[in-house]
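Let's take a walk through this fold together, sheet by sheet and helix by helix. Keep the viewer open and follow along.

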Amino acid sequence: MRPVFSAENISAGYGDVAIVRGVSVKVAESEIVAIVGPNGSGKSTLLKSFLGLVRLFQGSVFYQDEDISKITPDRAVSLGVGYVPQVNNVFPNLNISENLDMGAYHRKGKTSIKAGMAEIYEMFPELEARKSALAGNLSGGERQMLAIGRAMMAEPKVLLLDEPLASLSPKPASVIMSKLELIRKNRVAIMIVEQNVKKVLSISSRGYVLVNGACVMEGDADTLFAEESSQQRFLGLETKSIDS
Ligand SMILES: Nc1ncnc2c1ncn2[C@@H]1O[C@H](COP(=O)(O)OP(=O)(O)OP(=O)(O)O)[C@@H](O)[C@H]1O
Ligand SMILES: [Mg+2]
């Protein structure tokens, strides 16, 4: 398996403090990979370190065969690394189509932007139906679709998602999961950070468990889910994440 995206031996954090220590992850084309772990275990910090949004103390990040460890977030996006942050992932005072436009800044020419938007609306007819609505007035599920759609406007080859299911009730969470399946089938590699272990593993082929900034377990999704011992390690998560 040749990864589209990989990170090796990552240590990253803030100021002088390393939050994430010695973590390696990878994802291949058309693969969904999960990174799970309790609150504060360093999941968001890990994702941010891939894009140069937090300090990388040690380790290397690769996009295809290129070392992008010293990349700026802008350059990462234009190369093909899509990122959907955990918070503030849409512009609340802009409407849906304006938000999508913001994701297309690397595209050249109106025709290309228009074509990109048509593709996003095809994937998310829910967004097209409300394209003049302000992002701040959308439901949680719609907002998450918009955040994903905005990232897709940059035509990524790998999509990094930070808790796309957080605070969504079961129905919108299922809709988001089916959209991610569609994106995967379109040959995009997907790496998802999630606390909803059961849901995210159900659409993932593999997973990593992050506790206190270190990877304590990795394996295929079925094994991770089935192993009693891994369940124990997930107990730092909310119980509903395991049972719902
Ligand atoms: N900007 C920051 N400056 C200093 N420390 C930070 C900063 N952001 C996060 N931290 C610390 O880093 C640790 C890991 O935080 P992080 O947000 O990466 O965890 P997480 O696994 O994403 O948690 P959650 O599931 O709640 O989103 C926490 O102890 C947090 O307090
Ligand atoms: Mg987080």
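## The antiparallel sheet

A good place to start is A12, which sits opposite V20 in strand 2. Please keep in mind that this is a predicted model. Strand 1 (residues 3-14) pairs with strand 2 in the antiparallel sense, and eight bridges hold that pairing. The two strands form a hairpin with two residues between them, and G15 in the turn has a positive phi of about 60°.

Strand 1 also runs antiparallel to strand 4, with seven bridges joining them. Here, A7 has V61 of strand 4 as its bridge partner. Step back and you will find four strands in an open, antiparallel sheet, in the order 2-1-4-5. Strand 2 (17-28) and strand 5 (66-67) are at the edges with a single partner strand each, so one side of each has no neighbour in the sheet.

## The mixed sheet

There is another open sheet to find, built from six strands in the order 6-7-8-3-9-10, with mixed pairing. Its edges are strand 6 (81-84) and strand 10 (214-220); each has a single partner strand, so one side of each is left without a neighbour in the sheet. On average, and ignoring direction, neighbouring strands of this sheet are turned by 15° against each other.

Now zoom in on strand 9 (residues 206-211) and strand 10, which run antiparallel and are joined by six bridges. G207 has G219 in strand 10 as its bridge partner, while V209 stands opposite M217 in strand 10. These strands form a hairpin too, with two residues between them. In its turn, N212 has a positive phi of about 50°.

## Helix 1 and the sheets

Which strands does helix 1 touch in the mixed sheet? Helix 1 packs on that sheet through contacts with strand 3 (32-36), strand 7 (158-162), strand 8 (189-194) and strand 9, and its direction makes about 150° with that of strand 7.

Helix 1 (residues 43-50) also lies across strand 1, strand 2 and strand 4 (55-63) of the antiparallel sheet, running at about 115° to strand 1.

## Around ligand 1

Helix 1 comes up again at the ligand: three residues of the shell around ligand 1 come from this helix, the largest share. The residues surrounding ligand 1 are Y14, I19, G37, N39, G40, S41, G42, K43, S44, T45, Q86 and Q195.

What classes of residue make up this shell around ligand 1? By class there are nine polar residues, two nonpolar and one charged.

## Helix 6 against helix 7

Helix 7 lies across strand 3, strand 7 and strand 8, running at about 150° to strand 8. Helix 7 (residues 170-185) also meets helix 6 (residues 140-152): their axes come within 9 Å and cross at roughly 20°. That angle is why helix 6 counts as roughly parallel to helix 7. The crossing of helix 6 past helix 7 is right-handed.

To see the contact itself, select G140, G141, Q144, M145 and I148 on helix 6, together with P172, V175, I176 and K179 on helix 7. By class, this contact of helix 6 with helix 7 has five nonpolar, three polar and one charged residues.

Note on methods. Residues numbered from 1 in each chain as written. Chains lettered and ligands numbered in written order. Predicted model: local features only at pLDDT ≥ 70, side-chain atom pairs only at ≥ 80, totals over all residues. Axes fitted to C-alpha atoms, helices over the stretch in contact; angles between N-to-C directions. Parallel < 35°, antiparallel > 145°, perpendicular 65-115°, else oblique. Left-handed = near helix turned anticlockwise from the far one by under 90°. Contact = placed C-beta atoms within 7 Å. Nonpolar A, V, L, I, M, F, W, Y, C, P; charged D, E, K, R; others polar. Pairing = 2+ DSSP bridges. Near = placed C-beta within 6 Å.
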